[in-house]
Amino acid sequence: MTEFRIREAARLLGVSDDTVRRWVNDGKLTTGTDASGVQVVDGRSLAEHVKHLATGGDEDPVRRSARNTFTGIVTKVDVDGVMAVVEMHSGPHRLVSIMTREAVEELELEVGSRATALVKSTHVIVETPR
């Protein structure tokens with residue numbers, strides 16, 4: 001069974017240690033103690049909670065095939081001619097999109113804007129620590 005210390009779980013989700021502790025206190029996460037006697041969060045419990053958070057509670061009026069969505073804040077918009085590079089951060093994740101100037105203007109993207117990136121890819125590389 002995979003377990004995460006509070007700080008580790010918080011970093012994985014891009015939230016504060018206190019937020020994870022609140023979730024534990026509210027009974028939203030299952031915990032135990034590791035061999036050192038330190039409180040740890042059960043990995044399955046954490047995964048289920050993340051999936052619950054991702055649904056947002058509201059029914060999305062749009063159906064789509066892309067399963068990977070990241071809502072975050074735009075941190076850079078670099079427009080050069082007809083193309084633009086848009087960078088955003090969603091929790092601990094940095095996403096970069098190349099799009100047309102027209103799309104940037106239509107979406108009214110600027111530094112500080114809230115945006116959602118949808119990722120659909122046939123090649124996703126997953127790695128784990130040794």
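**Exercise 1. The end of helix 2**

Which glycine just after helix 2 takes a positive phi? Find the residue and give its phi.

*Solution.* Keep in mind that this is a predicted model. Start with helix 2, which spans residues 17–25. Now step just past its end: Gly27 is the residue to pick, with a positive phi of about 80 degrees. For practice, try the end of helix 1 too, where Gly14 follows with a positive phi near 75 degrees.

**Exercise 2. The buried side of each helix**

Work out which residues of helix 1 and helix 2 are buried, and how they are arranged around each axis.

*Solution.* Step one is helix 1, residues 6–13. Its buried residues are Ile6, Ala9 and Ala10. These cover an arc of only 100 degrees around the axis, which puts them on the same side of helix 1. A general rule helps here: an α-helix has 3.6 residues a turn, so residues three or four places apart point the same way.

Step two is helix 2. Here Asp17, Thr19, Val20, Trp23 and Val24 are buried. Looking down the axis of helix 2, you find the buried residues within an arc of 165 degrees, so they line one face of the helix.

**Exercise 3. How the two helices meet**

Describe the packing of helix 1 with helix 2: angle, axis separation and the residues that take part.

*Solution.* Begin with the geometry. The two helices pack at about 110 degrees, and their axes are 8 Å apart. Angles of 65 to 115 degrees count as roughly perpendicular, so helix 1 is roughly perpendicular to helix 2.

Next, list the residues. Helix 1 brings Ile6, Arg7, Ala9, Ala10 and Leu13, which meet Asp17, Val20, Arg21, Trp23 and Val24 of helix 2. Sorted by class, this contact has seven nonpolar, no polar and three charged residues.

Finally, compare with the previous exercise. Ile6, Ala9 and Ala10 are the buried residues of helix 1, and they take part in the contact with helix 2.

**Exercise 4. The three-stranded sheet**

In what order do the three strands of the open sheet stand, and which strands are at the edges?

*Solution.* Follow the pairing first: the order is 1-3-2, and the pairing is antiparallel. Then look at the ends of that order. Strand 1 (3–5) and strand 2 (31–33) are the edge strands; each has a single partner strand, so one side of each is left without a neighbour in the sheet. Neighbouring strands are turned by 45 degrees against each other on average, direction ignored.

Now zoom in on one pair. Strand 1 is joined to strand 3 (residues 39–42) by three bridges, and Glu3 has Asp42 of strand 3 as its bridge partner. To place helix 1, note that it lies across strand 1 and strand 3, at about 95 degrees to strand 1.

**Exercise 5. The four-stranded sheet and its hairpins**

Trace the open sheet of four strands, then locate the positive-phi glycines in its two hairpins.

*Solution.* The strand order is 6-5-4-7, with antiparallel pairing. Strand 6 (93–100) and strand 7 (114–119) stand at the edges with a single partner strand each, so one side of each has no neighbour in the sheet.

Take the strand 4 and strand 5 hairpin next. Strand 4 (residues 68–80) is joined to strand 5 by seven bridges, among them the one that pairs Val74 with Met88. Two residues lie between these strands, and Gly81 in the turn has a positive phi of about 70 degrees.

Move on to strand 5 (residues 83–90) and strand 6, which pair over eight bridges. Val85 stands opposite Ile98, Ala84 opposite Met99, and Ser90 has His93 as its bridge partner. This hairpin also has two residues between its strands, and Gly91 takes a positive phi near 60 degrees.

**Exercise 6. After strand 7**

Is Val126 buried or exposed?

*Solution.* Locate Val126 in the segment after strand 7. Its relative accessibility is 71%. The cut-off for exposed is over 50%, so Val126 counts as exposed. As a last step, take the C-alpha distance to Gln39: the two are 28 Å apart in space and 87 residues apart in sequence.

Note on methods. Residues are numbered from 1 along each chain as its sequence is written. This is a predicted model: local features need pLDDT of at least 70, side-chain atom pairs count only at pLDDT 80 or more; totals for chains, interfaces and linings use all residues. Side-chain values use heavy atoms; hydrogens and water are left out. Two strands pair if DSSP finds at least two bridges between them. Axes are lines fitted to C-alpha atoms, for helices over the stretch in contact, and angles run from 0 to 180 degrees between N-to-C directions. Contact means heavy atoms within 4.5 Å. Buried means under 20% relative accessible area, exposed over 50%, partly exposed in between (1.4 Å probe, protein chains only). The arc is that of the directions from the helix axis to the C-beta atoms. Angles under 35 degrees count as roughly parallel, over 145 as roughly antiparallel, 65 to 115 as roughly perpendicular and the rest as oblique. Ala, Val, Leu, Ile, Met, Phe, Trp, Tyr, Cys and Pro count as nonpolar, Asp, Glu, Lys and Arg as charged, and the others, Gly among them, as polar.
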